[in-house]
Structure formats: structure tokens, C-alpha cells
Amino acid sequence: MKIIKLLSLVSVVLLMVSCNNTGVSNKPLKTELDSVSYAIGMDVAKNVKASFEEFDNDLFIQGYKNALDSTDIMIDETKAQAIVRAYFQKKQQNEMAKRQEEALKNKQDGEKFLEENKAKEGVVTTESGLQYSVLKEGTGVKPTTESRVKVHYHGTLIDGTVFDSSVDRGEPAEFGVTQVIKGWTEGLQLMAVGSKYKFFIPSDLAYGANPRPGGVIQPNSTLIFDVELLEIVE
């Protein structure tokens, strides 16, 4: 079982830490096995920090020693594995519930923002729910779904947090009209070359419940973009 193997490795690390705290000095790395042993300790420590917000080192070492000499064991081995499984299952369920709660709040906040925003002067709402306002109207041709375009853009969440910006990077982006989120695909086709629009994109026309993992954009986020259509490349 993966979790038990992980915890067994942790026990070795914590036992070494315990020994060092009682006066044993740190060992130098002299051989390949020394380096491997140390690297495993580092990896296990990283996993433990990621898995536990709180961890009782003393009880962990006590359990390790009791199992090693088969004395004073307070929990049956089979029951111990069940306890560990139940802990991680509960943790996973709690994390999932928290993510779902945050996603629901993001959706509600976005819907409230868009409802208020559509009443503002100059904001147009399309049949799909995309909202936009014209910052500058161009005089060039409009792209189609077959077009490849070059644009400058600046993207934020509804609270103003910047998550991506070609303007800040100082380099325009180039891509096909259908290679982006639905809100962009629709919005770009409304713009003539030389135009600058502001898009207000509902979550279902953006990344929905599945944005890029680890990024600033959270599930069900409404997005705002300032977009300038520089040219149609092809």
C-alpha cells in the first residue's frame, strides 16, 4: 500500500532526526548510497509536508519503535492501515467539497458581476451571454473562423487580478480564431482590424470548471480582457 510505504520511509527520517536531536552529529555524504539515502529523506519530507498540516513526530516515532520490537503496540496492524486510509479519504473528500464550494461562489460572483455590468452604458450583451464594449472602433476587415490573427490583450479576473497580458510582456500574440476560448472566438469576429474591445466573458464561454491546474484562474471564473486586433495574418 502506497501510503503505508510512504509512512514507513518517514519513520526512518524522523528517527534519524530524533537521534540527531540527542547529540548525534550530521553525517557527511561520502558515497553514492549516502547521497541516495539523503535524497530519499528529502523527498519523503517534501511529501509529508504536502500531505499533513499537522504531524506528531513523537507519536510517529513511538509507533515505529513499538512495531519494530513488537511491544506496547496500541493499534492492531490491520486497523492501523484502515485508520490511515480513512484519514486520506476524508481529507480528499474535504478538499473536493472545498473546491466545489469555491467554484460555486466563483460562478455566483461572476453572474452577479455580469448582471450589474450589462446595465452599464456602452456594454452590449450577445445571445450567448458574452458582453463587450467598444474602446476603439477600427476600419479594417473582420476575421472569420478561418482567420489567423495578431492581437494585444490584457486579462484580469473580476477583482482586477491580472492573470495574463501580452501588453505586459511587450509582445503580441498570434493564433487561429478557433484556437482560443469560445468568448474570444465570438468576440474577435465582431472586431474590425484596428479595433480595441473589452470582453466580459462568462465562465461557460471561458474555461468553465476546468481551468489550467495551478494557475490564477479558478473554476467557474468570469474573465475580462482588453483586446486590440492588430492584423489578420492569414
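**View 1. Surface and interior of the protein chain.** The accessible surface of the protein chain comes to about 15,500 Å², and 52% of this belongs to carbon and sulfur atoms; accessible areas come from the Shrake-Rupley method with a 1.4 Å probe, and for residues only the protein chains shown count as cover. This is a predicted model, in which local features need pLDDT of at least 70 and side-chain atom pairs count only at pLDDT 80 or more, while totals for chains, interfaces and linings use all residues. Residues are numbered from 1 along each chain as its sequence is written, and side-chain values use heavy atoms, with hydrogens and water left out. Of the 234 residues in the protein chain, 31% are buried (under 20% relative accessible area, 1.4 Å probe, protein chains only).

**View 2. Confidence along the protein chain.** The mean pLDDT is 85, and 86% of the residues reach 70 or more; pLDDT is the predictor's confidence in each residue, from 0 to 100. Over residues 19–24 the pLDDT is below 50, and this stretch has three contacts beyond near neighbours in sequence (heavy atoms within 4.5 Å).

**View 3. Helices and strands.** Six helices and seven strands occur in the protein chain; these are DSSP runs, numbered from the N terminus, with helices (H or I) of at least four residues and strands (E) of at least two. Their order along the sequence is α-α-α-α-β-β-β-β-α-β-α-β-β.

**View 4. Residues 87–117.** An unreviewed UniProt entry places the feature "coiled-coil region" here; such annotations may be inferred rather than shown by experiment, and positions follow the numbering used here, with feature names shortened. The span is 100% helix and 0% strand, and its end C-alpha atoms lie 45 Å apart.

Technical notes:
Buried < 20%, exposed > 50% of the residue type's maximum accessible area, 1.4 Å probe, protein only.
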